[in-house]
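Reader: I would like a close look at one part of this protein, namely the open sheets and the charged side chains around them. Please take me through it in order.

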Amino acid sequence: MTNSLNTAECHSAFAFVRTEKIESLGIDVTEYKHTKTGLSHFHIAADHSENVFLVGLRTVPEDSKGVAHILEHTALCGSERFPVRDPFFMMTRRSLNTFMNAMTSSDWTSYPFASQNRKDFFNLLDVYLDAVFFSRLDQLDFEQEGHRIEFVEPDNAESDLEYKGVVYNEMKGAMSSPVSRLWQSVTKYLFPTTTYHHNSGGEPESIPDLSYDELIEFYRTHYHPTNAVIMTFGDIPAAELQSFIEEKALSRFEKLDSSIEIHDEKRYHSPLRVEEGYDLDQEDTSAKTHHVLAWLMGNSSDLEGQLKAHLMSRVLLDNSASPLRYALESTDLGSAPSPLCGLEDSNREMSFMCGLEGSEPESADAFEKLVLDVLTKVAEEGVPQAMLDAQLHQLELQQREINGDGYPYGMSLIMSSLGAAVNDGDPIALLNLDPVLEKLREEIKQPDFVQNMVQELLDNPHRVRLTLRPDNKLAEHRDAAEKAKLAKIKAGLTEEETQQIIDRAAALEARQNQEDDESILPKVTLNDVPEEMSVPEATAVDSQLPLTRYDRGTNGLVYQQIIVQLPQLTENELHLVPLYSHLLTELGCGDRTYQENQQYQTEVTGGVHAFVSVRGAPENEQDISGHFTLSGKALVSKQKELTALLKETLGSARFDELPRIREVVSQTRTRKEQSITGHGHALAMMAATSKMSPAAALAQATKGLESIKFFKGLDDLLADETELQKLADQLSHMHNKIQQAPRQFLIVAEEEQQALLQSELENNWSHTDITADKFTLPELRDTVKQAWTTSTQVSFCAKSYPTVPVEHPDSAALTILGEFLRNGYLHRAIREKGGAYGSGAGQDSGDAAFRFFSYRDPRLSETLDDFDAAVEWLLNNDHEYQKLEEAILGVVSSIDKPGSPAGEAKQAFHSTLFGRTPEQRKAFRSRVLKVTIDDLKHVAATYLRNADASVAVVTNLAQAESLGSEFEVIEV
């Protein structure tokens, strides 16, 4: 059902342009134009109470100083009607939002939010409009968020100078990732003259060159309604939204005479081959080189051309049956396909990329020949028609599926079409793919369809081959250059300039310490919180099988799972759990090879995957249980094939394809190594908590830093064929254990499909009473002090304390405590003053642990001290009720955050599996709403004692060695 409002109705300041009903998504999409400024408003009317707003601006940097990114941060630091220092973060805790953020892309900046509460939605809309269009851009905020020079000891002119700034440190962390460096280097050469040539986030070496005046000028020219687009989703009528937007912002603007344009790139007439280095802090740099081939293609706003390009990319690279992916996976030239493989359609012009990692610099020519030979063969011989049909099936399934487990559903629709809205494309057409899919369904029947597309790619001379080789001296040279630059600046300072630096640091600290009048900001209160949380209820089932069923609006998709009670596993098998889960759907099945099996999965499903989950009991974190889950989804028309495939996978998976096992281990190692700088805070927290419960120890062994070390060792070991066969035998033995364990079934689909789905399931499976030993792990409660070292310019800190499981009376207060400390102390001390990109704290009731963390942090021991200071701040001061209310609102908002229809059902089922029944979850939420400040002080004094604490950091070797001998230093 869509909004009953006539979508042509709009506020008098807007003109109706067009509307389109998209039946497959159950939405109406309407375009309006603001008559005075030319701003476009796209409204997605839906029978959905989670309303979404986004304002997007075309931002076109002309260098890599990070102006668009730093402006995105600084714009949220106070505005005309809300002149407080940090309205964005203040609103995160005065709100019931389900999403709040701001994002900088290569050619746009967006400010989105979502809320299920109508009052809250308009509160946030008020603050966002003022922040974007009437930001005050204080120079001290620019220096805090962007960059500044300070003395290491801020009031001591004899100490050295250093660069500080939140974005500066954020980008130091981001560019420590080889994949981020690879992406920036490829686009730099692929786009030699347009804005995509530059790093819109900012290169750390260039960020200090950005002046405050340049920021102000960029805001003046780019943050204007003429250069903006507004996109909304939900059940609030467009006219009501427009009335508010007009009153609060647009009525004060006239149309700009000039517009911000992005032109098509000038084309190469001959391929370009380049080589660059990246920072790798290791002695042995062998097998660490990346190679990428990239082509610049047509305009992203050509929807038909874009879908054809996606189809070609999927045919070539989607899975191991795809010819180009198979070549990249099986070659001896490298260890794994590059993360950059695929089509990039978010820029004005599309690019197609493929690559190889774990290679050597001298393999560049052979890599290029490998790729071009595969493409030539496809251009000459084509691919099986079934492969084209399967990939079109995937595009159709993606168009139909209602997601929303990461982003809110409306946000995902808006974000998928934002690029088109900003780049003069057609966002409505991009949302309604059905007409183009129907046309493609006929076109792919032409015998030369894919051949012609691939030949066009081969004939395209705008091609870049990039080789990115490791350089273990690069960081040393870069750091020396920065020190020399700062020393030169210091040597040239006059006495007056020296005092200015000291005074600016003092002024910033004073600003960071000031208490603003938060009452000028709108807010919701606990009175606005719904009394009950919504948890999907299972439908009673009469079946011979242990079957649970949820009737949900899944838009023609079915979700099916087989859940197996985890059997007892050996220590070595526990380390292999993630590999086994991944391999189960990556290997062959029955008579099908792994390539044939992946092709069949693509033909009949929307994906099949497996995972293992282990958690402590609600009343005792030491009492763990575990389950193995095989999960798949498909269009209802393919439900018969999905059911049979899941059974065949569990019954007939093959572990005799040794080369394939070797490939997957190598790819897993590479993927895990690359995850460190992007997820360093999560890895540090896992390490700090690793000896506090059996489940936490298993998480460290299978997902954490120990797992990375394990896969590195395993990958090296498998060069020996005997060891490879031994591994295959171990995996097969694990599989036999899983097959023989008790199992149950889950189906999530629309009610009218359930009888057919249940019948199909019962035709495939017979119920047998199976008993097995319960999965157990030894009890564990100990401490660690670890420094894990890797190649990074910034650090990630974590400190963990043993606490209580979720059913303990103190768990609710500990949950609120994390929000309270983040809001009241950590954000200011670690982000604003310390310069880290992020920080926080929280209770993990599954492991019965309370954890502090920092993210992309220039400091180490000082941050660990700030964790302790946060506890002292809580205990030694009086605190206002409002701050408690804000913390409770944040937790309740997180608890009540909606997901997709299928995602909510699966979460409800798996929570119940581990004792978190709907009744238990609702009771915990009620306890959260009753927490007091005295409760917070009680749990902090009781549990956050340094004698019980564990600490783990992820950093570089030099920083690790500064921590002291009590830390165990471990190389990842």
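Author: A salt bridge here is a side-chain nitrogen of Lys or Arg within 4 Å of a carboxyl oxygen of Asp or Glu. The model is a predicted one. By that definition the structure holds 72 salt bridges. One of them joins the side chains of Asp 424 and Arg 58, at 3.3 Å from N to O. Asp 424 lies in the loop between helix H13 (409-422) and helix H14 (427-431), while Arg 58 belongs to strand S4 (residues 51-58), so the pair ties together parts that are 366 residues apart in sequence.

Other charged side chains form a surface patch. Asp 281, Glu 283, Asp 284 and Glu 971 make up this negative patch. Of these, Asp 284 sits in the loop between strand S11 (272-279) and strand S12 (289-299).

Next come the sheets. Strands of a sheet pair through backbone hydrogen bonds, in either a parallel or an antiparallel way.

One open sheet has 6 strands, in the order S24-S25-S23-S26-S22-S27, and its pairing is mixed. Its edges are strand S24 (838-844) and strand S27 (968-971); each has a single partner strand, so one side of each is left without a neighbour in the sheet. From one strand to the next, the twist averages 15°. At the S24 edge, S24 pairs with strand S25 (residues 849-855) in the antiparallel sense, over 7 bridges. Within that pair, Ala 841 stands opposite Phe 852 in S25.

Another open sheet has 5 strands, ordered S17-S21-S18-S20-S19, again with mixed pairing. Here strand S17 (547-551) and strand S19 (607-617) hold the edge positions; each has a single partner strand, so one side of each lacks a neighbour in the sheet. The twist in this sheet averages 20° from one strand to the next. Strand S18 (residues 557-565) and strand S21 (residues 743-749) pair in the antiparallel sense over 6 bridges. Gln 561 stands opposite Leu 746 in S21.

Note on methods: Residues are numbered from 1 along each chain as its sequence is written. This is a predicted model: local features need pLDDT of at least 70, side-chain atom pairs count only at pLDDT 80 or more; totals for chains, interfaces and linings use all residues. Side-chain values use heavy atoms; hydrogens and water are left out. Patches are made of residues with over 30% relative accessible area and no salt bridge: like charges are joined within 9 Å, nonpolar side chains (Val, Leu, Ile, Met, Phe, Trp, Tyr) within 5 Å. Accessible areas come from the Shrake-Rupley method with a 1.4 Å probe; for residues, only the protein chains shown count as cover. Lys and Arg count as positive and Asp and Glu as negative; His and the chain ends are not counted. The place of a charge is taken as NZ of Lys, CZ of Arg, CG of Asp or CD of Glu. Helices (H or I, at least four residues) and strands (E, at least two) are DSSP runs, numbered from the N terminus. Two strands pair if DSSP finds at least two bridges between them. Axes are lines fitted to C-alpha atoms, for helices over the stretch in contact, and angles run from 0 to 180 degrees between N-to-C directions.
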